[in-house]
Amino acid sequence: MDLRHVGKCLICAEFCVDTAAPDEAQDWCLKHAGATGHTHYEMAAFQYFDAILTDPRRWTAATADELQGVTA
Ligand SMILES: [Zn+2]
């Protein structure tokens, strides 16, 4: 899967919708800077992925709780 990019303002914590194009995220930051005067930004890239269960029969409520660190 492709990388997604997000621009976030470090002054007010507002951020853009994630996009496949880093330039679009940076454009959002520059427009936000023009509109607000905020000058500190963070650009982040991340990736979605799908987990595929190779043996779904082994997946039980007990293993889900175990993976999440839930204690009954
Ligand atoms: Zn801002």
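**Entry 1. Burial of tryptophan 28**

I took a residue to be buried if 20 or more other C-beta atoms lie within 10 Å of its own. The model I examined is a predicted one. Tryptophan 28 has 21 other C-beta atoms within 10 Å, and I therefore recorded tryptophan 28 as buried. I located this residue in helix α1, which spans residues 22–36.

I next asked which residues tryptophan 28 is in contact with, leaving aside its neighbours within four places in sequence. The search returned Gly7 and Cys16. I also looked up the separation of tryptophan 28 from valine 17, 11 residues apart along the chain, and found their C-alpha atoms 9.2 Å apart.

**Entry 2. Overall composition**

I counted two helices and two strands in the protein. Along the sequence I read their order as β-α-β-α. Of the 72 residues in the protein, 8% are buried, and tryptophan 28 is one of the buried residues. Turning to contacts between residues at least 6 apart in sequence, I noted that 42% join residues at least 24 apart.

**Entry 3. The strand pair**

I then examined how strand β1, residues 3–9, pairs with β2. The sense is antiparallel, and I recorded seven bridges. To place one bridge, I looked up lysine 8 and found that its partner in β2 is glutamate 42.

How many of the seven residues of strand β2 are buried? I found the number to be zero for this strand, residues 41–47, so I noted β2 as lying largely in the open.

**Entry 4. Alanine 13**

Backbone angles were my next topic. Most residues other than glycine have a negative phi. I found that alanine 13 has a positive phi of about 70°, although it is not a glycine. I placed alanine 13 in the loop between β1 and α1.

Is alanine 13 buried or exposed? For exposure I applied the limit of 12 or fewer other C-beta atoms within 10 Å. Alanine 13 has 8 such atoms, and I therefore entered this residue as exposed.

**Entry 5. Confidence**

Finally, I looked up the predictor's confidence. The mean pLDDT of the protein is 89, and 89% of its residues reach 70 or more. Among the elements, I found the highest mean pLDDT, 98, in α1, the helix that holds tryptophan 28. The lowest mean, 70, belongs to helix α2, residues 61–68.

Key:
Residues are numbered from 1 along each chain as its sequence is written. This is a predicted model: local features need pLDDT of at least 70, side-chain atom pairs count only at pLDDT 80 or more; totals for chains, interfaces and linings use all residues. Helices (H or I, at least four residues) and strands (E, at least two) are DSSP runs, numbered from the N terminus. Two strands pair if DSSP finds at least two bridges between them. Two residues are in contact if their C-beta atoms, placed from the backbone, lie within 7 Å. pLDDT is the predictor's confidence in each residue, from 0 to 100.
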